Amino acid sequence: MGVDWKLLLDIVVSVLMVATIAYATRLNARLAALRKNRDDLARTILGFNEATLRAESSIPKLRKAAEEAGQALQDRVEKAQSLRDDLAFMIERADTMANRLENAVRSARVEPPARPVAPAPAPSSP
């Protein structure tokens, strides 16, 4: 019996076509996943662009708020420095007065108290 080359060639072509169909099915599934990921990526990029625009529009507001906070802080620092200077002056004056008071108390303790001079008895009349 002779080999029927036509039948053998048809079988080989059929096997190759089945393999091609299987490969095309897998490729189609991967392409669908890629399209889905591309759509997700496009949505993510749009969201990112919107967030970027909001952030850019918020920058001037943030700068203004920072400047106002900085000015308020500077005012408070200046007021605090003024109060610090006033307190330092008051403490210096209080130390001076405390030293005077301490010296006065110390000298009063060292010196015996002056005794009052008793009046001389009046001469008695006979």
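Is Arg-106 exposed, partly exposed or buried, and what is its relative accessible area? In the predicted model described here, Arg-106 is partly exposed, with a relative accessible area of 45%. The setting of this residue is best understood from the overall fold, which is described before the individual contacts.

The protein contains one helix and zero strands. This helix, H1, spans residues 5–110. Of the 126 residues in the protein, 0% are buried. The accessible surface amounts to about 12,400 Å², and carbon and sulfur atoms account for 64% of that surface.

The N-terminal part of the chain was examined next. In an unreviewed UniProt entry, residues 6–25 carry the annotation "transmembrane region". Across residues 6–25, the model is 100% helix and 0% strand, and the C-alpha atoms at the two ends of this stretch lie 28 Å apart. A nonpolar surface patch of about 440 Å² is also present, formed by Trp-5, Leu-8, Val-12 and Leu-16. One of these residues, Leu-8, is located in helix H1. Leu-8 has a relative accessibility of 42% and is classed as partly exposed, because this value falls between the limits of 20% for buried and 50% for exposed residues.

Charged contacts were then considered. Side chains of opposite charge can pair when their charged atoms come close. Three salt bridges are found in the structure.

One salt bridge joins Arg-43 to Asp-40, with 2.2 Å between the closest N and O atoms. Both residues belong to helix H1, where a spacing of three residues places them about one turn of the helix apart. The two partners fall into separate accessibility classes: Arg-43 is exposed because its relative accessible area, 54%, is over 50%, whereas Asp-40, at 28% relative accessibility, is partly exposed.

Another salt bridge links Arg-84 with Asp-85, and here the closest N and O atoms are 3.3 Å apart. Arg-84 counts as exposed, its relative accessibility being 52%. Asp-85, for its part, is partly exposed, with a relative accessible area of 44%.

The remaining salt bridge returns to the residue named at the outset. Arg-106 pairs with Glu-102, and the closest N and O atoms of this pair are 2.5 Å apart. Because Arg-106 and Glu-102 are four residues apart in helix H1, about one helical turn separates them. Glu-102 has a relative accessibility of 42% and therefore counts as partly exposed. Arg-106, with its relative accessible area of 45%, is likewise partly exposed.

Key
Residues are numbered from 1 along each chain as its sequence is written. This is a predicted model: local features need pLDDT of at least 70, side-chain atom pairs count only at pLDDT 80 or more; totals for chains, interfaces and linings use all residues. Side-chain values use heavy atoms; hydrogens and water are left out. UniProt positions are given in the numbering used here, feature names are shortened, and annotations may be inferred rather than shown by experiment. Patches are made of residues with over 30% relative accessible area and no salt bridge: like charges are joined within 9 Å, nonpolar side chains (Val, Leu, Ile, Met, Phe, Trp, Tyr) within 5 Å. Accessible areas come from the Shrake-Rupley method with a 1.4 Å probe; for residues, only the protein chains shown count as cover. A salt bridge is a side-chain nitrogen of Lys or Arg within 4 Å of a carboxyl oxygen of Asp or Glu. Buried means under 20% relative accessible area, exposed over 50%, partly exposed in between (1.4 Å probe, protein chains only).
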